[in-house]
Amino acid sequence: MVHDGGFDCSFMNMEFQSEKIMGHQSILTFKCKMCNIENKIYTENPKTEKCPVNKAAVHACQAIGIGYTQLSELMAFLEIPTVSETSYIKIQEGVADTVHDTAWDEMKRAGEEEKQIALECGEVDVDGIPIITVVADGQWSKRSYRIKYDALSGAVSYIYRQK
């Protein structure tokens with residue numbers, strides 16, 4: 001890999017100068033011993049359209065149910081630098097917004113689909129408003145720490161009118 005230094009020098013003439021660590025990615029700086037040109041090598045393409053590695057690490061933590069402390073301990077054991085807690089929280093907030101927005105869009109899409117199915121099946125009230133069944137579960141029924149605990153359970157009827 002010849003570079004534009006004018007001395008027909010290449011990467012073989014480059015000498016490592018520094019590493020800037022940014023969580024799970026780094027920027028390595030090299031300087032040519034012949035022409036003094038500096039080149040940076042990124043461990044991740046900075047223009048990637050894929051999920052950046054630091055964001056992917058936070059996504060993974062959320063997916064498997066761990067947090068910053070566990071990620072930090074795992075990376076320390078593997079001797080791999082990781083994101084700072086401040087960066088982790090900042091990325092996590094962005095991820096949370098994305099998850100919220102995606103979930104909300106999917107719920108609206110599913111609601112519209114259910115409305116259409118109810119209309120096609122003639123399941124409407126006296127005012128012509130579609131009637132759909134909504135099922136939700138947010139209970140943890142048998143969680144116990146040396147005590148008997150049963151979550152309350154029941155049913156709810158929710159009427160939301162939208163024409």
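## A friendly tour of helix α2, the cysteines and the salt bridges

Right after helix α2 comes E79, a residue with a positive phi, near 55 degrees. Please keep in mind along the way that this is a predicted model.

### Around E79 and N36

E79 sits in the loop that runs between α2 and α3. Its phi of about 55 degrees is positive even though E79 is not a glycine. Is E79 buried or exposed? With a relative accessible area of 73%, E79 is exposed.

A second residue to look at here is N36. N36 is also a residue other than glycine, and its phi is positive, near 65 degrees. To find N36, look in the loop between strands β2 (25-32) and β3 (38-42).

### The two faces of helix α2

Now step back into the helix that precedes E79. Which residues of α2 are buried? Helix α2 covers residues 68-77, and its buried residues are Y68, L71 and M75. Looking down the axis of α2, you would find these buried residues within an arc of 65 degrees, so they line one face of the helix.

What do the buried residues of α2 pack against? Their partners are two helices, α1 (53-64) and α3 (85-121). On the face turned away from the buried side, α2 carries the exposed residues E73, A76 and F77.

### Cysteines without a disulfide

How many disulfides does the structure hold? The count is zero. C9 is a helpful residue for seeing why. The cysteine sulfur closest to that of C9 belongs to C32, and the two sulfurs are 3.6 Å apart, too far for a bond. For a disulfide, the sulfur atoms would have to be within 2.5 Å.

C9 itself is buried, with a relative accessibility of 0%. C121, in contrast, is exposed, with a relative accessible area of 54%.

### Salt bridges along helix α3

The structure has three salt bridges. The table gives the pairs, with the distance between N and O atoms.

| Salt bridge | N to O distance | Spacing in α3 |
|---|---|---|
| K108 and D105 | 4.0 Å | three residues apart |
| R109 and E106 | 3.0 Å | three residues apart |
| R109 and E113 | 3.0 Å | four residues apart |

Let us take the pairs in turn. K108 and D105 both belong to helix α3, with about one turn of the helix between them. K108 is partly exposed at 45% relative accessibility, and D105 is partly exposed at 45% as well.

R109 appears in two rows of the table. About one helical turn separates R109 from E106, because the two are three residues apart in helix α3. R109 and E113 are also about one turn of the helix apart. Which residues are joined into one network by salt bridges that share partners? They are E106, R109 and E113.

How accessible are the members of this network? R109 has a relative accessible area of 44%, making it partly exposed. E106 is partly exposed too, at 40% relative accessibility, and E113 counts as partly exposed at 42%.

### Putting the picture together

Helix α3 is a good place to finish, as it links two parts of this tour. The buried residues of α2 pack against α3, as well as against α1, and α3 also holds the pair K108 and D105. Between α2 and α3 lies the loop with E79, the residue with which the tour began.

Key. Residues are numbered from 1 along each chain as its sequence is written. This is a predicted model: local features need pLDDT of at least 70, side-chain atom pairs count only at pLDDT 80 or more; totals for chains, interfaces and linings use all residues. Side-chain values use heavy atoms; hydrogens and water are left out. Buried means under 20% relative accessible area, exposed over 50%, partly exposed in between (1.4 Å probe, protein chains only). The arc is that of the directions from the helix axis to the C-beta atoms. Contact means heavy atoms within 4.5 Å. A salt bridge is a side-chain nitrogen of Lys or Arg within 4 Å of a carboxyl oxygen of Asp or Glu.
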